[in-house]
Amino acid sequence: MTVTVRFAPSPTGHIHIGNTRTALFNWLYAKKLNGRFILRFDDTDAERSRQEYADGIARDLAWLGIEPDQTVAQSGRFEHYGAAAEKLKAAGLLYPCYETPEELERRRKIRLSRRLPPVYGREALKLTDAEKSALEAEGRRPHWRFLLPNFADDPFVTSRTEVHWDDVVRGPQTVDLASMSDPVLIRADGTYLYTLPSVVDDIDLGVTHVIRGDDHVTNTGAQIALFRALGAEPPAFGHHNLLTTVSGEGLSKRTGALSVASLRDAGIEPMAVASLAVLIGTSENVAAASSMEELAALFDPTSTSKSAAKFDPAELSGLSRHLIQVMRFSDVRERLAALGIAGDDAEAFWLAVRGNLETVAEAADWWTIVCGKPAKDAVLSDEDRIFVRKAGEFLPQEPWDAETWRVWTAAVKAETGRKGRGLFMPLRIALTGREQGPELAGLLPLLGREETLARLS
């Protein structure tokens, strides 16, 4: 059977690097096993789901290099969920409940006061048809719970019922169904909660592996029971650790914290995001992979820690900077052209400036400085103005190459006695208008002798 995984975001906001971790775990798992990757939008929440968010998620994944083999929206599959619900009702496994939230909370407190587990007591199963009709006549509408198989004959006498699975990430896992309440699958307004549509989709789409955050571990047992109740063999499950901020707070797409869109807009390289999202919180060293193929070779879900991993944006910036500093011109040619950087000098320019860039977009500033006029970020003292004019007298004749800067400054040093910062800083400011920047040995041949003399004078 072909390995088939899915990433199932709700299009109610921008995905962040924590969501990206889940997407990449699934993508890389499928890539290593020649499998399929499905993008499934869990958009049953009509009020909060937006097409603009769905489009943004697809765009974010494409930026990371993730291209789905299939895209599905739950909003177009309600008839499948209705058919599954009717099947469960016919089997007596989906039953109506009429309690209000206040009534449920009161019962929970009573059970706690009696030192009993705060699980739903299945009181709704005792209602007669007449009692149900009376409640509905009051205006109540039922929510529907899935009857967990955690009893022998009497649903009011539960017994320990273990569900086992060999987790793709965490290894052997066990959940006791007797320790949990029957999950609500359908709300009183008729809308579906996550569980039923998710399980039905996984069955219909042939999902073989469900890889997600470890906040889902406890409900996996109930979902496995639901798969079996619908006559399907459950997929393999894997639960990776979650990412938090440096201060330990969870990431939220509602707040936009560390969203993929914001990282892209900030100029962070996609492979920096992918590398950190996958490798942080694992036994692998966090280093920037240059491609998805390289990252796939490093990816091993079993190396993931069971404790949460703290994400530091500064580390992301460092990885991105490293990728830029070793990036070949052929890899960035089109992006540079979009910035107006093209022509015979484009490659030499890129090799000269890349080691000084935080983002590729910053190259445009240096292109303007090299091909136009110096910046005005720094000024020379009167004494330094005299010095740089004098230095122009020792400029070698063209052609120039990477050695020209060394030859020229050696001659200036011998004549003026200046050295170190006193020698190099005035020349840098005169030629670029900045106190910091790329090595001038690479920029000088791009400026040429005539332009260099003009700037020195």
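# Close-up views of a predicted model

**View 1. Arg-48 and Asp-45 pair up in a salt bridge, with 3.4 Å between their closest N and O atoms.** Keep in mind that this is a predicted model. How accessible are the two partners, Arg-48 and Asp-45? Arg-48 has a relative accessibility of 34%, so it counts as partly exposed. Asp-45 comes in at 30%, so it is partly exposed too. This pair belongs to a bigger tally, as searching the whole structure turns up 28 salt bridges.

**View 2. Glu-138 and Arg-140 meet through their side chains in a salt bridge.** Here the N to O distance is 3.7 Å. Is Glu-138 buried or exposed? With 56% relative accessibility, Glu-138 is exposed, because exposed means over 50%. Arg-140 has a relative accessible area of 23%, so this partner is partly exposed.

**View 3. Arg-328 reaches Asp-331 in another salt bridge, at 3.0 Å from N to O.** Arg-328 has 53% relative accessibility, which means it counts as exposed. For Asp-331 the value is 42%, so this residue is partly exposed. Elsewhere, salt bridges with shared partners tie several residues into one network: Arg-6, Arg-40, Asp-42, Arg-77, Asp-201, Asp-202 and Asp-204.

**View 4. A nonpolar patch sits on the surface, built from Leu-125, Phe-156 and Val-157.** Together, these three residues have about 240 Å² of accessible area. Where is Phe-156 found? Look in the loop between strand S5 (143-146) and strand S6 (162-167). Phe-156 shows 35% relative accessibility, so it counts as partly exposed.

**View 5. The largest nonpolar core brings together 48 residues.** Which residues have the most contacts inside this core? They are Met-292 and Leu-295. Several elements each give the core at least two residues, including strand S1 (4-7), strand S2 (36-41), helix H1 (17-32) and helix H2 (51-63). From further along the chain, helix H8 (260-265), helix H9 (270-279), helix H10 (292-298) and helix H11 (313-325) also supply at least two residues each.

**View 6. Zooming in on Leu-295 shows who touches this core residue.** Neighbours within four places in sequence are left aside here. What remains is a list of contacts with Leu-28, Met-271, Ala-274, Ser-275, Val-278, Leu-279 and Ala-289. There is also a second, separate core, made of 41 residues. Among its members are Ala-352, Val-412, Met-425 and Leu-444.

**View 7. Stepping back, the protein chain has 18 helices and twelve strands.** How far does the C-alpha trace span along its principal axes? The answer is about 105 × 45 × 40 Å. The radius of gyration is 31 Å, whereas a compact globule of 457 residues would be near 23 Å. Out of those 457 residues, 48% count as buried. The accessible surface of the chain adds up to about 22300 Å², and carbon and sulfur atoms account for 49% of it. Among contacts with a separation of 6 or more, 75% link residues 24 or more positions apart.

Definitions and conventions
Residues numbered from 1 in each chain as written. Predicted model: local features only at pLDDT ≥ 70, side-chain atom pairs only at ≥ 80, totals over all residues. Heavy atoms only, no water. Patch = residues over 30% accessible without salt bridge, like charges linked within 9 Å, V, L, I, M, F, W, Y side chains within 5 Å. Areas by Shrake-Rupley, 256 points an atom, 1.4 Å probe, with all protein chains shown as cover. Salt bridge = Lys/Arg side-chain N within 4 Å of Asp/Glu carboxyl O. Helix = DSSP H or I, 4+ residues; strand = E, 2+ residues; numbered from the N terminus. Buried < 20%, exposed > 50% of the residue type's maximum accessible area, 1.4 Å probe, protein only. Rg over C-alpha atoms; globule rule 2.2 N^0.38 Å. Contact = heavy atoms within 4.5 Å. Core = buried A, V, L, I, M, F, W, Y, C linked by side-chain atoms within 4.5 Å.
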